[in-house]
Amino acid sequence: AVCSMGNSTSRLYSVLAKTLSSGAVSQHQDCLEQLDPAQLDPIDPKDLLEECQIVLQKRPPRFQRNFVNLKKNTASNHRPIRVMQWNILAQALGEGKDNFVQCPMEALKWEERKCLILEEILAYKPDILCLQEVDHYFDTFEPLLSRLGYQCTFFPKPWSPCLDVEQNNGPDGCAMFFLKERFELVSTANIRLTAMKLKTNQVAIAQTLKCHETGRLFCIAVTHLKARTGWERFRSAQGCDLLQNLKNITQGAKIPLIVCGDFNAEPTEEVYREFSNSSLNLNSAYKLLSPDGQSEPPYTTWKIRPSGECRHTLDYIWYSQHALNVNSALGLLTEEQIGPNRLPSFNYPSDHLSLVCDFSFNQDPDRLL
């Protein structure tokens, strides 16, 4: 592999090009070991976005989504913290297991789908990014996002279904990224979730960060619970384990908390009620988009499999509702935008929609959580 970097755009393109092949980890392992991201030049996000758009020029334009202002009359002197939650669809699962019957295989090519994912991230510029089903962490997301100024953490599933797929790119897992210019890492925990006292294949990352601007501490967590119908009690047990871990990390809710995840659970499930009724006093941010502030969106994932159409609300951003305010939330794609063949598609790279919220700290730090 050629590891030398040119200047400016050519240097950037060589980094992007290294991530285009699905076999990039094995092909460029030597190069990846030599290139310490901390020693590489920063990337201008505009340059990277331009590179992605060149790759995507034959695809339809990105969907337009608008932020909904949810801010009450509470003035804040500080910039909001933008948090993005997204199950990006593991490449190995998209090509080898998930069987999206209405999605052309051409739309799932990593060379282009990767750029669609990056384009979405670059469009919303999150301060904190929480991802699930990441199976291209080492060859794509960590090398690029670290050069955009993010500190990167990855925790793979102990046994990933991606490993069953031929020519896979390694296990998938959860990943978290935060902007180093905005936050300092105070502590981090990689959590292997348990259920009925047994260790499971699902994981979470929880990090306590200090906001440079406000000096306030908060905890951000990302998780991906067990999928499929029939596993409701299992998910409930995993949720209880995660909540107990988070209670310990936040010292019983003394530290504000944001939890992002694909819970694989509709709002009718027990694990949803556990989070709603937890002593951590959490609320689901996307409920605030509903007219009464009490209803989840009608869907966060919409796909067609051989068994039929699957339209569910499974993805959430939970937050400490007395310590944090939700200033705005990104509206979802409409049914018309998604189209009759549903997701993923040439327009959109995942079967799950990204969720994005802007948070601010409650101005009274002594107020009870």
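Two residues are in contact here when they have heavy atoms within 4.5 Å of each other. That idea comes up a lot below, along with helices (DSSP runs of H or I, at least four residues) and strands (DSSP runs of E, at least two), both numbered from the N terminus.

This is a predicted model, where local features need pLDDT of at least 70 and side-chain atom pairs count only at pLDDT 80 or more, while totals for chains, interfaces and linings use all residues. Residues are numbered from 1 along each chain as its sequence is written, and side-chain values use heavy atoms, with hydrogens and water left out.

**The overall picture**

The protein chain has 10 helices and 15 strands. Of its 369 residues, 56% count as buried, meaning under 20% relative accessible area with a 1.4 Å probe on protein chains only (exposed is over 50%, and partly exposed is in between). If you take contacts between residues at least 6 apart in sequence, 78% of them join residues at least 24 apart.

How sure is the predictor? pLDDT is its confidence in each residue, from 0 to 100. The chain's mean is 90, and 87% of its residues reach 70 or more. Residues 1-10 have pLDDT below 50, and this stretch has 17 contacts beyond near neighbours in sequence. Residues 21-34 stay under 50 too, with 26 contacts beyond four places in sequence. Where pLDDT is low, the predicted coordinates should not be read in detail.

**The six-stranded sheet and α8**

Strands count as paired if DSSP finds at least two bridges between them. On that basis, six strands make an open sheet in the order β6-β7-β8-β9-β13-β10, with mixed pairing. β6 and β10 are the edge strands, each pairing on one side only. From one strand to the next, the twist averages 20°; axes are lines fitted to C-alpha atoms (for helices, over the stretch in contact), with angles from 0 to 180 degrees between N-to-C directions.

β6 and β7 form a hairpin with two residues between them, and M196 in the turn has a positive phi of about 50°.

Here are three of the strand pairs in the model, two from this sheet and one from the seven-stranded sheet described further down.

| Pair | Sense | Bridges | Facing residues |
|---|---|---|---|
| β6 (183-195) and β7 (198-211) | antiparallel | 11 bridges | E184 and K210 |
| β10 and β13 (315-320) | antiparallel | three bridges | L282 and S320 |
| β2 (81-87) and β15 (355-361) | antiparallel | five bridges | M84 and V356 |

Helix α8 lies across β6, β7, β8, β9 and β10, running at about 150° to β6. Its 18 residues should span 26 Å at 1.5 Å a residue (1.5 Å times one less than the number of residues), and the end C-alpha atoms are indeed 26 Å apart. The buried residues of α8 include F234, R235, A237, L242 and L246, and its buried residues pack against β6, β7, β8 (217-224), β9 (257-262), α9 (270-276) and β10 (282-284).

S236 sits in this helix, which covers residues 232-249. Is S236 buried or exposed? S236 is buried, at a relative accessible area of 11%. Beyond its neighbours within four places in sequence, S236 touches E270, V271 and E274. After α8 comes Q251, with a positive phi near 55°.

**The seven-stranded sheet**

The other open sheet has seven strands in the order β1-β14-β15-β2-β3-β5-β4, again with mixed pairing. β1 (67-69) and β4 (150-156) are at the edges with a single partner strand each, so one side of each has no neighbour in the sheet. Here the twist averages 20° from one strand to the next.

Helix α6 (residues 110-124) packs on this sheet, touching β1, β2, β3 (128-134), β14 (324-330) and β15, and its direction makes about 160° with that of β2. Helix α7 lies across β3, β4 and β5 (173-179), at about 160° to β4. Nine of the 11 residues of α7 (residues 137-147) are buried, so this helix is largely enclosed by the rest of the structure. Among them are Y137, F141, L144 and R147. G149 follows α7 and has a positive phi, near 100°.

**A word on the cysteines**

How many disulfides does the structure hold? Zero, where a disulfide means a pair of cysteine sulfur atoms within 2.5 Å. The sulfur of C52 is 4.1 Å from the closest cysteine sulfur, in C115, which is too far for a bond. C52 is buried at 0% relative accessibility, whereas C240 is partly exposed at 38%.

Terms used: pLDDT is the predictor's confidence in each residue, from 0 to 100.
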